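Please open the model in your viewer and keep the selection tool at hand, since this tour goes from one selection to the next and says at each stop what is there.

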Amino acid sequence: MQGVGVTVVMVDDLDPGSADAGVPAHFGDPMKEQRLLETAVGLVDRSNRDVLAVPGEERASWLHTLTTQHLSDLTANQGSELLVLSPHGHVEQHAFVTEDGTTAWLDTEPGAGAGLLKYLTMMRFFTKVEPRDATSEIAVLSLVGPGAADLFPDLAKPRVGAVPGPKFAAGSVPPEATALYSVRAFEGGLARRVPLGVDLLIPRHAKTSVIEKLGVPRAGLWAYEAIRVAARTPRLGHETDHKTIPAEADFQAAAVHLDKGCYRGQETIARVHHLGRPPRRLVLLHLDGIATDHPPVHGTPVELDGRAVGFIGTGVRHHELGVVALAVLKRNVADDARLIVGESAAAIDA
């Protein structure tokens, strides 16, 4: 448990108006918290995420037809990632879906829930489903680090790569948790993810008591984001823009099933998969840190020979790597290109 007298710094205090407002940025030592998440286990409050509930007897088959993921056979204690695409295959929504036997819970980025709910409601027609906003009911807590799995030894091993099959396991777990899921490493493809740990979907009113009962050291969102960036894990609205297709931002291996039936945007997925590479790619950039100690902000142009060749998604200060950032670049930018981000030189981590 966090010691008495520890100063909690909220995201709101450091970045007013941030989408991540409402959760702790750090507890006094962001670098120490990063090391905790890489070597042991820490608890990160991610209760700023939007959550939707989808009860109804036809929920699995309905979500299957609307999204990129194979969900028709989803049963209790299973889960996955999914995307909603535009007719041209651009990423509009990303969410984790966790099935508890009566309801499919979808958690997504802060502020993205309204758009996702609007789309789902529009596509209900006569289907036996009742999607609703459950953000006021359910909060997300993340147990991050190699020690996270030890806290839940009975968590079933996910059937990664099954066709069809869930991407991770889920199950009811005390104390007072509604469901849990684990983000695992994905083999092959474009995804280069590492296990971030176990996420708990809990009743929001019980958040304080659950944190106390777990007794896990706390870490802030700054540390979580640093670990995420180093793991090259994309985030909707950060490593995406209005024209992003799944393969450009490393969403495809985790959130797209290549052997399922028709869905909106499937033609673009199939074309890229069978005929060639996407026009852009997600990379990790190392910045020299000489010109500035501050990581670049989202949307900062990445330049080569005076012209923009991409944009910064998320910039962080990592406890080992220094100032690094996830960026989306044009595919033809060479791995050894001498890039400029603001006033800093940048190099691609090949």
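Begin by selecting Arg124, which in this predicted model is partly exposed, with a relative accessible area of 25%. Add Glu130 to the selection and show both side chains: they meet in a salt bridge, with a distance of 3.4 Å from N to O. Glu130 also counts as partly exposed, at 47% relative accessibility.

From there, move to Glu109 and Arg235, whose side chains meet in a salt bridge at 2.6 Å, N to O. Glu109 lies in the loop between β7 and α4, while Arg235 lies in the loop between α6 (221-230) and α7 (252-255), so this pair ties together parts that are 126 residues apart in sequence. Are these two residues buried or exposed? Glu109 has a relative accessible area of 9% and is buried, and Arg235, with 7%, is buried as well. Now widen the selection to take in Asp20, Arg49, Asp107, Glu225, Arg228 and Glu239, which are linked with Glu109 and Arg235 in a network of salt bridges. Over the model, the count comes to 18 salt bridges.

Another of these pairs is found by selecting Asp199 and Arg46, whose side chains meet in a salt bridge at 3.5 Å, N to O. Asp199 belongs to strand β12 and Arg46 to the loop between β3 (42-45) and β4, so the contact ties together parts that are 153 residues apart in sequence. Asp199 is buried, with a relative accessible area of 6%, and Arg46 counts as buried at 8% relative accessibility.

Keep Asp199 in view and extend the selection along β12, residues 197-203, a strand that is mostly covered, with 7 of its 7 residues buried. Then add strand β9, residues 138-144, which runs antiparallel to β12 and is joined to it by 7 bridges. Within this pairing, Ser142 stands opposite Asp199.

The next stop is the largest nonpolar core, which has 18 residues; those with the most contacts inside it are Val54, Trp62, Leu63, Val97, Leu106, Leu116 and Leu120. To see where the core comes from, colour β4 (50-55), α3 (59-66), β5 (78-85), β6 (91-99), β7 (103-108) and α4 (113-122), the elements that give two or more residues to it. Which element gives the most to this core? It is α4, with 4 residues. In general, nonpolar side chains in soluble globular proteins tend to be buried together.

Centre the view on Leu120 and, leaving aside its neighbours within four places in sequence, look for its contacts with Leu52, Val54, Trp62, Leu63, Leu66, Leu106 and Pro131. A second, separate core of 17 residues can be located by selecting some of its members, including Leu285, Val302, Leu304 and Val333.

Finish with Thr300, which lies in the loop between β14 (280-287) and β15 (301-304). Although it is a loop residue, Thr300 is buried, with a relative accessible area of 17%. What does the side chain of Thr300 reach? Show the backbone of Val297 and you will find its oxygen at 2.8 Å from the Thr300 side chain. Then add Gly310, Phe311, Ile312, Val341 and Gly342, which Thr300 touches when residues up to four places away in sequence are not counted.

Technical notes: Residues are numbered from 1 along each chain as its sequence is written. This is a predicted model: local features need pLDDT of at least 70, side-chain atom pairs count only at pLDDT 80 or more; totals for chains, interfaces and linings use all residues. Side-chain values use heavy atoms; hydrogens and water are left out. A nonpolar core is a set of buried Ala, Val, Leu, Ile, Met, Phe, Trp, Tyr and Cys residues joined through side-chain atoms within 4.5 Å. Buried means under 20% relative accessible area, exposed over 50%, partly exposed in between (1.4 Å probe, protein chains only). Contact means heavy atoms within 4.5 Å. Two strands pair if DSSP finds at least two bridges between them. A polar contact is a pair of N or O atoms within 3.5 Å; within protein, one must be able to donate a hydrogen and the other to accept it, and residues adjacent in sequence count only if both atoms are side-chain atoms. A salt bridge is a side-chain nitrogen of Lys or Arg within 4 Å of a carboxyl oxygen of Asp or Glu.
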